[in-house]
Amino acid sequence: MKICILGAAGNIGQALALLLKLNIPKDKDLELCLYDIKTSVLGITLELNHIPSNIKVIGFTGTNVAPALKNSDIIIIAAGIPRKPGMERADLFNVNAKIILNLIEQIIVNSPNALIGIITNPVNTTVVIASEMLKQYGCYDKNKLFGITTLDIIRANQLVIDIKGKKINDTNVPVVGGHSDKTILPLLSQLKNVIFTDQEIIEITRRIQNAGSEVVKAKDGNGSASLSMAYAATRFCLSLIKAIQGKNNILEYAYIEGDGKYTRFFSQPFLLGKSGVIQYKEIGILSNFEQKILDNIINHLNKDILYGELFAKKYFS
């Protein structure tokens, strides 16, 4: 198996590479490849190989990404610029959209059958652009393309743990919708072992939705969520690895082109297998409060999706 991180010299990419090196199950035939246009990725690779583990890390740099990508099974795209204070995820679009187009084009040539996980914001739109590029070249499999939204879930879990005093293993908040403050919907009503007041639900929901902006503000211009995002991406990537290795029916959430019940792309639960998504799952029964948010989310997501489709259409015209 071969795993490739694109944008591995960035804050997220570095932390992701470290966490994967330390947490990937032992497999003598597994390669962890790091690529970045910045030459510092070679030093990062050397440093990671000084850390004892069963995984060998290989670094690549330069304008030619092909050697890093060739025959990859899992590709995680972490390349792009991060948010700064006062910047919405949509503000990142012009720069990051072009990065996604270039990298997806290289993936098509070198690893068209890989499972692709996208971190690059704005995820609600960059995943759409990736799908359109893959479609243009006739190799789009919607079951193999994921916008990684696991960060919203771990944030939700930790907030519930902090506020309600629950144990980590007893808390798993479903989070659906998209990956922006206006499209994140934690389904707190589905937690069986926790009782919330109406005010607590409102406050926790808002904090989960605004958690990314809080981090950007707290870092005072020095980046966005990187360590927590790297942890979230690691957790999702480990699920992909288990699926490829033959473990079926792994329940995950991600921003995917799923069953289309709400919008073309939507973060929803699904089961993973060797070839990616093998079954879509329902999001379950919503409270009145959650349903109102969902109705609003649909409008925002449709705009984000259309934005990506139009950008791709203009690029190919």
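**Exercise 1. Sort the lining of the largest cavity by residue class: how many nonpolar, polar and charged residues does it have?**

Step 1: get the list. In this predicted model, the largest cavity is lined by P112, A114, I116, L134, C139, Y140, D141, K144 and L145.

Step 2: pick out the charged ones. Asp and Lys count as charged, so D141 and K144 of that lining go in this group.

Step 3: check the rest. Pro, Ala, Ile, Leu, Cys and Tyr count as nonpolar. The split comes out at 7 nonpolar, no polar and 2 charged.

Step 4: add the volume, which is about 50 Å³ for this cavity.

**Exercise 2. Do the same for the second largest cavity: what lines it, and how does the lining divide by class?**

Step 1: the structure holds 2 cavities of 30 Å³ or more, and the second largest has a volume of about 40 Å³.

Step 2: its lining is made up of D259, K261, Y262, Q268, K281, E282 and I283.

Step 3: by class, that gives 2 nonpolar, 1 polar and 4 charged residues.

**Exercise 3. Describe the largest pocket: what is its volume, and which element gives the most to its lining?**

Step 1: the largest pocket takes in about 830 Å³ of space. There are 40 lining residues, and A78, A79, G80, I81 and P82 are the closest to the centre.

Step 2: look at the elements. Those giving two or more residues to the lining are α1, α4 (93-110), α6 and α7 (198-218). Top of the list is α4, with 5 residues.

Step 3: by class, the pocket lining has 17 nonpolar, 17 polar and 6 charged residues.

**Exercise 4. Where does UniProt place the feature "binding site", and is R155 buried or exposed?**

Step 1: the unreviewed UniProt entry puts the feature at R83, R89, N121 and R155. Of these residues, R83, R89, N121 and R155 are included in the lining of the largest pocket.

Step 2: find R155 in the fold; it sits in helix α6 (residues 150-164).

Step 3: its relative accessibility is 12%, so R155 counts as buried.

**Exercise 5. What span should helix α8 have at 1.5 Å a residue?**

Step 1: α8 (residues 227-244) has 18 residues. The expected span uses one less than the number of residues, and it comes to 26 Å for this helix.

Step 2: compare with the model. The end C-alpha atoms of α8 are 26 Å apart, so the two agree.

Step 3: see what is tucked away. Among the buried residues of α8 are M229, F236, L240 and I241.

Step 4: carry on past the helix. Just after α8, G246 has a positive phi of about 115 degrees.

**Exercise 6. Classify the ring pair Y315 and F316: stacked, tilted or edge-to-face?**

Step 1: recall what you need. Two numbers describe an aromatic pair, the distance of the centres and the angle of the planes.

Step 2: the model has 7 aromatic pairs. For Y315 and F316, the centres are 5.3 Å apart and the planes stand at 80 degrees, so this one is edge-to-face.

Step 3: check accessibility. Y315 is partly exposed at 43%, and F316 is partly exposed at 28%.

Step 4: for a cluster, look at F93, Y307 and F311, which form one together.

**Exercise 7. Is I24 buried or exposed?**

Step 1: locate I24, in the loop between α1 (11-23) and β2 (31-35).

Step 2: its relative accessible area is 8%, so I24 is buried.

Step 3: look across the chain. I24 and N54 are 30 residues apart in sequence, with 8.6 Å between their C-alpha atoms.

Conventions. Residues numbered from 1 in each chain as written. Predicted model: local features only at pLDDT ≥ 70, side-chain atom pairs only at ≥ 80, totals over all residues. Heavy atoms only, no water. UniProt positions renumbered as here; feature names shortened; annotations may be inferred. 1 Å grid on protein atoms, 1.4 Å probe; cavity = no way out; pocket = protein on both sides within 12 Å on 5 of 7 lines; lining within 4 Å. Helix = DSSP H or I, 4+ residues; strand = E, 2+ residues; numbered from the N terminus. Buried < 20%, exposed > 50% of the residue type's maximum accessible area, 1.4 Å probe, protein only. Points joined across faces, edges and corners; volume = space filled by probe spheres on them. Phe/Tyr/Trp six-rings, centres within 6.5 Å; stacked < 30°, edge-to-face > 60°.
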